[in-house]
Each structure stands twice: as structure tokens, then as C-alpha cells.
Amino acid sequence: INLAQVAPPCRETYQQQPSRSADLSMSSMSTVRLLASCLCVFVDGLPAGYPSVSMKGAHGSIRMPLIGLGTWQYNSSVAEQAVVDAFRLGYRHVDTAYVYRNQEGVGAGIAIASKAGHLNRQEFFVTSKVPGGLDANATWAALEESLKQLGLDYVDLMLIHWPSPDITAKGADARKQQWLTLEQFAKQGKARAIGVSHHCRKHLEDVLSVATLPVSLNQNQYHVGMAHDSQPRLHDKIFDEEQGVVYMSYSSLCGPCSPPDNKILITGELVSRIGKRYNKTGAQVSLRWLVQQGIPVVPKSSQVSHLRENFDIFNFNLSASEMQILSSQSTPAETGTKQHPDDAQDCSFEEPAWTLAV
């Protein structure tokens, strides 16, 4: 399915109308039928049938694409071109962060792609993140600066990138205060949904204890090889889901893993063998394992061929036995990263070896 080409005539008519309501006084019944079809083509701004997951927003349920473009480690120029290429292929979600230092490039790419694809703001989804451990004033400044860098009036999803690393009661208070600051941002209409990343059960419980808006999502490392891990190592995925918090995957192909683990989910024997049954690659099987569970992913690539490959995962289904086999794998396991925070120590609740420098 080429989602970039969904109902272009309807899109053109949609853009010309001040609202989505068909004017029944028009003499052309064909135009009426076309406008009526527009009511079905756009669901929460996304084309009807676009693979997405429902989550709790600040003002009701919203839809988030199951596939998006990751931009970690990309500079602004690379991020800009990756966004343009991805949107041309049909992507409608891009994931960035304040500490990535590429939001200006992401924003420029969005502007170019939107103009080229005749996209209204409601037709694509933007996720960003602000650093954890900031006080209220610094958090607000980072939130406002993110919008400025992106060139947007609002983001669809804003996350606290990681929890305050302080394991004392002072750290819990800091996590609560930062969350309440994020809520004010959403209440002003500057984020349709808000959530967290790198948060373990204890961190999330701190947030939930003061939350007046839903915690929409928790973004953590998750991929084939981690399904059987203990709950703390998984950032307690089950607990998140019990609270109605969408569990999202990053490093879905274990890119930060050390060799040879960083290739297991791309060219490994198991995923490659399963992929041959569907004329798919190992990477597509690894991503399919996630989205088939309703887990959003944001694999990154600056190569058009890989962007296309990552996106082409919605026209096949893994069998129950294949899902079970993939879920039973023990490698690659969760990995730490050289960047801070280190994934593997998020949930240790011991004094971290690193200090936050923001």
C-alpha cells in the first residue's frame, strides 16, 4: 500500500474547504460524493486505514502512527533530508528530541515535505522530548525552544526524555514537578499528548501519583530478544499497559548493540528464514513482530532504500507460532549505550555512574 498516494483528489478538495462538511446545496453530485468520501479518508488527520495505535491524549483519544522516522544521532542536515524522503514514501511520523540538536533540521524537512505533499498540519505526527532532571523553569524553556526550533505551534506528543536520576525523595519530587510543568504545556494546547521515556515502574508511579492528564506513552528500548526479560529490565512493560500507557519501542533493531548482536535482527538466521516465507527481509520481520503487538516503532535510516524497507511491513502477518518463536529468543538482550542515560541502568535504582550535564 502506497500511503503517500491515499486519495489525492480528496486531499485537494479537503484543503480547499474551511471545514469537512459537504455543502449539500452544490449542484454537482459528483463533488458531493467526493466531499463525502473525505469524511472517511481522514481519521484524526491520518488517512483511513493508516496503521496506528490509539492512546490517551490531553483532551481525548488520539491516533499515533505505528511506524515513524527516528532521528537520533543525525545532524540537522541529515535529519532534514531523511524527513523529506520518508514523507515522500508515506511516513507521517517523525521522532526527535531537544538533546538530539537536530530539531531545526527536522522542522525544515517537515516544511518541505508538507508543501510537496500538500499536507495539512493535522495529517502528520511529531514527537519530541525534553531532558529529564530539569526544574520547572528550565523545563518550560526547553519546551518552548523545541517548538521554536521545529517551527511548529504544537507537537503531537512531548515526552520527558528520562527520569530525574536522583534516587532519593528529592528525585521523586523533581519527577513530579517536571511532569506537572509538562501538563501545563499541554493544557495550553502546545502538545496533544504527553508521556515519558526511559521510565521504570518506580519513576512512572511517581508521575502517576500527581498526574491530572493521562500519561500517554512510555518509550523504551524493546526488540526481539527482550520479550522474556524480567520486568525491571523491561521497564515493567506489563505495568505500563495495565495503567493504559502505550509502550513504545526504540532501538527496535538493536542498532546500539555491540557486534555481532547489532546484526541479529537484520540478517540473523532466524529472522531471515522467517522473512523468506513472505518475501521480506530479516529487519522487516523484526519490526513486524513489534507492530503486530501494537507497539509503535521509529527505526532510523538516511537511505531511501532502507526507509522504504522499514515502511513496507503492513502487508503481511506473522503466524502465532512465528510470533512465539521470536518472543522466546534471548538475544540480543537489552544493551547499554555510550550516550547518557544508559538504557541498562535505568531501573537499577543505584546511584548512576553518570551526571547530567544540560
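How many helices and how many strands does the protein have?

1. The coordinates are those of a predicted model, and the protein in it has 13 helices and 11 strands. Buried residues account for 53% of its 358 residues, while the accessible surface comes to about 15400 Å², with 52% of that area belonging to carbon and sulfur atoms. Among the contacts with a sequence separation of 6 or more, 74% are between residues 24 or more positions apart.

2. Seven of the strands can be discussed together, since an open sheet of 7 strands runs in the order β5-β6-β7-β8-β9-β10-β11, with parallel pairing. The edges are taken by β5 (69-70) and β11 (246-250), each of which has a single partner strand, so one side of each is left without a neighbour in the sheet.

3. Within this sheet, the pairing can be followed strand by strand from β7 to β10. Strand β7 (residues 125-130) pairs with strand β8 (residues 155-160) in the parallel sense over 4 bridges, and I160 in β8 is the bridge partner of V130. Next, β8 and β9 are joined in the parallel sense over 5 bridges, with L159 standing opposite G195 in β9. Finally, β9 pairs with strand β10 (residues 217-221), again in the parallel sense, over 2 bridges, and here V196 stands opposite N218 in β10.

4. Strand β9 deserves a separate remark: 6 of its 7 residues are buried, so this strand is largely enclosed by the rest of the structure. Together with α7 and β10, β9 also makes a right-handed β-α-β unit.

5. Where does H199 lie? This residue is in the loop between β9 (191-197) and α7 (201-208), and because its relative accessibility is 2%, which is under the 20% cut-off, H199 counts as buried. A polar atom of the H199 side chain lies 2.7 Å from the backbone oxygen of S197. Leaving aside residues up to four places away in sequence, H199 touches I160, W162, P163, L204, V207, N218, N220 and H235; of these, I160 is the β8 residue that partners V130, and N218 is the β10 residue opposite V196.

6. Helix α11 (residues 282-291) should be inspected in the same spirit, as 10 of its 10 residues are buried, so the helix is largely enclosed by the rest of the structure. The buried residues of α11 include Q284, R288 and W289, and the elements against which its buried residues pack are β11, α9 (261-267), α10 (269-278), α12 (304-311) and α13 (320-327). One of these elements, β11, is also an edge strand of the open sheet.

How values were computed
Residues numbered from 1 in each chain as written. Predicted model: local features only at pLDDT ≥ 70, side-chain atom pairs only at ≥ 80, totals over all residues. Heavy atoms only, no water. Pairing = 2+ DSSP bridges. Buried < 20%, exposed > 50% of the residue type's maximum accessible area, 1.4 Å probe, protein only. Contact = heavy atoms within 4.5 Å. Areas by Shrake-Rupley, 256 points an atom, 1.4 Å probe, with all protein chains shown as cover. Polar contact = N/O pair within 3.5 Å; in protein donor to acceptor, adjacent residues only side chain to side chain. Right-handed = clockwise from strand over helix to strand, strands pointing away.
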